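Biologist: Please take a close look at the largest pocket of this model. I would like to know what lines it and how the surrounding parts of the fold are arranged.

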Amino acid sequence: MPFATSLKTEEELLSRARVLAGQSIAAIAQRLGRQVPPNLRRAKGWAGELIERALGAAAGSKAGPDFPQLGIEVKTVPVARDGRPCESTHVCAASLADVVGIHWENSPVRRKLVRVLWVPVEAEAGVPLGQRRIGQAMLWSPTPEQEQQLRLDWEELMELIALGRADEIRGEQGVYLQLRPKAASGRARTKAPNAAGELTATLPRGFYLRPAFTAQILAGHYAIAR
DNA sequence: GTTTGATCATGT
DNA sequence: ACATGATCAAAC
């Protein structure tokens, strides 16, 4: 039986993640027989994929959670020395067209965040990628309060999209959940309704969790060993 | 083009 | 310093 399917409980997954805590990127990469790129500039998702492989997730992209049998999504989050996240966290693409029938309960955003294994990765500027260490992972589901916060932002954003006003949405909107470009380049296009209800080409967007939100999730955990 | 994984780079 | 808008790579 492959490594990836040997996991039966989320406790087992968490245990695996705990083993990674304190280990360097270089050590994990070496064990998996992978070369550490000089930096992440041309390999932005490299560390995330490395951690998923180290945890036993299936390789490559596919729909659904990283651990389908457990319903768990893995998110690596870059953290500063103080344990606070350096960046926003991408959740999923926003379906700008065909917004009818989508409610928070069946939304991709909620489904993605039902159960998440957060894996902090040291991201201090000046620390070479290979020397960066993995922090203490934590298994998380939104508290009722957190889910309500996300839901309010989501509903506000989705209403604007439904009204054909996606192009007016700025990254400033949303207390904890924001909508920002998510594309290969500024020339990328997808379909979205305009104010007249006609489908027109527009920049693809995605939902992101603000650092302030992930910070409250990670609060209280020692993300990086001292 | 979309979805997977995200971080970069510039303006405020 | 920090967030927004822009972008990188691979699989499909």
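Modeller: What follows describes the pocket, then the sheet beside it, and then the rest of the chain. The model is predicted, and every value below is computed from it.

The largest pocket has a volume of about 1,600 Å³. Its lining is made up of 43 residues, and K44, G45, G48, T76 and H90 are the closest to the pocket centre. Sorted by class, the lining holds 18 nonpolar, nine polar and 16 charged residues. Four elements, α3, β1, β2 and β3, supply at least two lining residues each. Among the contributors, β1 has the largest share of the lining, with six residues.

Strand β1 belongs to an open sheet of three strands, ordered β1-β3-β4, in which the pairing is mixed. Both β1 (73-79) and β4 (138-140) are edge strands with a single partner each, so one side of each has no neighbour in the sheet. From one strand to the next, the twist averages 30°. Strands β1 and β3 (residues 116-122) run parallel and are joined by seven bridges. One position in this pairing is V74, whose bridge partner in β3 is L117. Helix α3 (residues 46-55) packs on this sheet, where it touches β1 and β3, and its direction makes about 130° with that of β1. The pocket lining therefore draws on a helix and on the two strands that this helix touches, since α3, β1 and β3 each give at least two residues to it.

The fourth contributor, β2, lies in another sheet. This second open sheet also has three strands, in the order β2-β8-β5, and its pairing is antiparallel. Its edge strands are β2 (89-93) and β5 (177-181), each of which pairs on one side only. Neighbouring strands here are turned by 35° against each other on average, with direction ignored. Five bridges join β5 to β8 (residues 205-209), and these two strands run antiparallel. Within that pairing, R180 stands opposite G206 in β8. Helix α5 lies across β5 and β8 and runs at about 40° to β5.

Helix α5 also takes part in an enclosed space. A search of the whole structure finds one cavity of 30 Å³ or more, and the largest cavity has a volume of about 40 Å³. The residues that line this cavity are A93, A94, S95, P108, V109, W154, M158 and F207. Helices α4 (108-113) and α5 (144-162) each supply at least two of them. The class counts for this lining are seven nonpolar, one polar and no charged residues, whereas the lining of the largest pocket includes 16 charged residues.

As for the chain as a whole, chain A has six helices and eight strands. Along the sequence these elements follow the pattern α-α-α-β-β-α-β-β-α-β-β-β-β-α. The radius of gyration is 18 Å, close to the 17 Å that the globule rule gives for 226 residues, so chain A is as compact as a globular protein of that length. The C-alpha trace spans about 55 × 35 × 35 Å along its principal axes.

Definitions and conventions. Residues numbered from 1 in each chain as written. Chains lettered and ligands numbered in written order. Predicted model: local features only at pLDDT ≥ 70, side-chain atom pairs only at ≥ 80, totals over all residues. Heavy atoms only, no water. Pairing = 2+ DSSP bridges. Axes fitted to C-alpha atoms, helices over the stretch in contact; angles between N-to-C directions. Contact = heavy atoms within 4.5 Å. 1 Å grid on protein atoms, 1.4 Å probe; cavity = no way out; pocket = protein on both sides within 12 Å on 5 of 7 lines; lining within 4 Å. Points joined across faces, edges and corners; volume = space filled by probe spheres on them. Nonpolar A, V, L, I, M, F, W, Y, C, P; charged D, E, K, R; others polar. Rg over C-alpha atoms; globule rule 2.2 N^0.38 Å.
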